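This report describes a protein model through its charged pairs, its aromatic pairs and selected local features. The sequence and structure are shown first.

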Amino acid sequence: MLRLFAVSATLTVALAACDTGDDIEEAEPATDSGLFPGQTVTLHDSYVARTNTVQSVGAPLPEDGERWNGHGWVFVANEVGRGLTVLDLRTLEPVEFIYSEESAVPHHPYLSPDQRWVITNARFGNEVMVTDTHNDFETDFLEFPEGEDDVAGPLHGTYSHDGQYFVVSLQRSGRVGVIDMEADGGPEILEVLDIGDRPRDVYITPDNAKAFISMQGEDTVGVLEIGTWEIRYIERSDADYSSAGGGGGGMAVDGELFSISNTPENEVLIIDTDTEEVVHRVSDVPAPVNSEFLGNTHIVGTGNRSDGSASFIDAHTGELLATVETGGGANIPYLGPDGNYWVSHNGDQHISVLDPETFEILEEVTTGVNPHWIHFLPSGTRALVTNWGENSISVVDTSNYRELTKTTTGLNPNGIVVKTDITRQEAAAALERGLHEGRSDVELAAEMVLPEPQDRQEEIFLNNCAQCHDLGRVVRNNASSEEDWNEIVLRMVGNGAQLDEEEIDEVVTYLTDDRQDDLDFGTRLDEQHGRLESAEEAPEAEEPAEIDETAASGRR
């Protein structure tokens, strides 16, 4: 007996006020003339879209003097959905679902500087998905070699600023991969380099000279010379990092400074990228994970997931300016188009908006479950938010600080990018192609199929550990001891998992006994592709629902 699980995500495109009038091309700069039109805003002087970073801030802005026509394609990586949802920006209608049968947990999509390619990393597999947006979303899979004891595990990456290379951390094999984006036959793997235990974030200097790579399991930062591919190291600690987590890195827009979270030591380091020396060691930051430079400033924001706070640091002086409790699993701080600081959360159901001078919380914008990533549109008046704990993204009015609607994606959307250089004709053609198959596949990828629990332990595990991320993250985790699993479960509780002490003990026992290894789980789309034992019993795909109906919800 199997059960279906689908989180409700209301598809209210009918109220979108997204008319198809031809006057869109006449919109004034900084006017949201596409998704749910908003008022004209002036983008804050410190705001930068930062499209080419590990965790992009916003969609590409028009070139100087040009106007955005309001059209675009939204690419959302669905970790449990095992694929990439592609939506038409103005209507929120699916135009494609790129299913990846072999790519375990599609994690972050990355849009190339010329907006042609979208690379999506499969963090528990060996592949990256390479999608050509100039060729009807044709997707190739580039496979990296496995490590000695595990898969390659491509996690985070970035392009060189000239678009020639894509550098990706292969976290589970302790390597870094380099893709040549300009190879004659299309993107191809150029280099695979040993670097150390669990490389995480990759940032390339604006002159394309070198990449700085944070590593969770080492007491160093890797520095990769672009072109020669030689690696050297900067010492960041004399502590034992062999079992450490976190370790997020960030780079200033001007490329002068690099930050890294020394998570177990409750500190953030600031490194001069020219001299490659540590210039500041900032203490009293509670277990920072992600570390981001905000806009074009030298202010660093950290997401401190374990205690639900965000910290803010002046990277010039090394001064800790403030630590503010914002919500469960505080994840990524951003500088928004309004000049305020925005904070996403892995363990809550809101986004926090902070005053950049006083650090006072100005607004809390209600979203879906676990709003992981915020992506601002070129107008500055709207943002898209991935709700990692369900099957939706939220549309947020950034002027009035409210959620306007949600739309369905595959299960557990994580990373998101938006391509903004398409024409009205290209948008219409993609909508026509995706009218039936694209939407049907997204609906199938939005429903999880779970086995009936065999006992209370398994019921607690399935009801909690399947809510926020792919169960594959648990099945493929290399923890083995009761102590290891207890630490992981407590971290999940810090990220928002609703477990009491007795339930924590039950889940830890379940995992220590390796019972999760025997689970057969996936989505209805996995069933359709024959990936589950229940595939022979899977119902045929239904015709797409009308545009203003809600997505399926509940357990059946």
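## A salt bridge before helix 3

In this predicted model, Asp455 and Arg515 are joined by a salt bridge, with 2.9 Å between the closest N and O atoms. Asp455 belongs to the loop between strand 34 (448–451) and helix 3 (456–465), and Arg515 to the loop between helix 6 (501–512) and strand 35 (522–523), so the pair ties together parts that are 60 residues apart in sequence. Asp455 is partly exposed, at a relative accessible area of 33%. Arg515 is also partly exposed, with a value of 23%.

Asp455 has a further contact at the start of helix 3, where one of its side-chain oxygens comes to within 3.2 Å of the backbone nitrogen of Gln457. Helix 3 itself is largely enclosed by the rest of the structure, because 7 of its 10 residues are buried. The buried residues are Gln457, Glu458, Ile460, Phe461, Leu462, Asn464 and Cys465. Gln457 thus appears both in this buried set and as the backbone partner of the Asp455 side chain.

## Other salt bridges

The structure holds 22 salt bridges. One of them joins the side chains of Lys210 and Glu276, at an N to O distance of 2.8 Å. Lys210 is located in strand 14 (residues 210–215) and Glu276 in the loop between strand 19 (267–272) and strand 20 (277–282), so this pair connects parts that are 66 residues apart in sequence. Both partners fall under the 20% limit for a buried residue: Lys210 has a relative accessible area of 12%, and Glu276 has one of 16%.

Another salt bridge links Arg200 to Asp201, with the closest N and O atoms 2.7 Å apart. Arg200 counts as buried because its relative accessibility is 5%. Asp201 is likewise buried, with a relative accessibility of 1%.

## A buried aspartate without a salt bridge

What is the nearest side chain of opposite charge to the buried Asp180? It is that of Arg116, which is 12 Å away, and Asp180 has no salt bridge. A salt bridge requires a side-chain nitrogen within 4 Å of a carboxyl oxygen.

Asp180 is part of strand 11 (residues 175–180). A polar atom of the Asp180 side chain lies 2.9 Å from the backbone nitrogen of Glu182. Leaving aside residues up to four places away in sequence, Asp180 touches Gln164, Tyr165, Gly186, Pro187, Glu188 and Leu190.

## Aromatic pairs

Across the whole structure there are 15 aromatic pairs. In one of these, the ring centres of Trp73 and Phe137 are 4.9 Å apart and the planes stand at 70°, so the arrangement is edge-to-face. The pair links distant parts of the chain, 64 residues apart: Trp73 is in strand 2 (residues 73–78), whereas Phe137 is in the loop between strand 7 (127–132) and strand 8 (138–143). Trp73 is buried, with a relative accessible area of 4%, and Phe137 is buried at 4% relative accessibility.

Trp342 and Phe376 also form an edge-to-face pair, because their planes are at 80°, with ring centres 5.5 Å apart. Trp342 is in strand 26 (residues 341–345) and Phe376 in strand 29 (residues 371–376), so the pair ties together parts that are 34 residues apart in sequence. Trp342 is buried at 1% relative accessibility, and Phe376 is buried at 0%. These two residues belong to one aromatic cluster with Tyr47, Tyr334 and Tyr401.

## The chain as a whole

The protein chain has 7 helices and 36 strands. Of its 556 residues, 62% are buried. The accessible surface amounts to about 20,900 Å², and carbon and sulfur atoms contribute 41% of this area.

Among contacts with a separation of 6 or more, 54% are between residues 24 or more positions apart. The pairs described above include links between such separated parts of the chain, among them Lys210 with Glu276, 66 residues apart, and Trp73 with Phe137, 64 residues apart.

Conventions:
Residues numbered from 1 in each chain as written. Heavy atoms only, no water. Helix = DSSP H or I, 4+ residues; strand = E, 2+ residues; numbered from the N terminus. Buried < 20%, exposed > 50% of the residue type's maximum accessible area, 1.4 Å probe, protein only. Lys, Arg positive; Asp, Glu negative; His and termini not counted. Polar contact = N/O pair within 3.5 Å; in protein donor to acceptor, adjacent residues only side chain to side chain. Contact = heavy atoms within 4.5 Å. Areas by Shrake-Rupley, 256 points an atom, 1.4 Å probe, with all protein chains shown as cover. Phe/Tyr/Trp six-rings, centres within 6.5 Å; stacked < 30°, edge-to-face > 60°.
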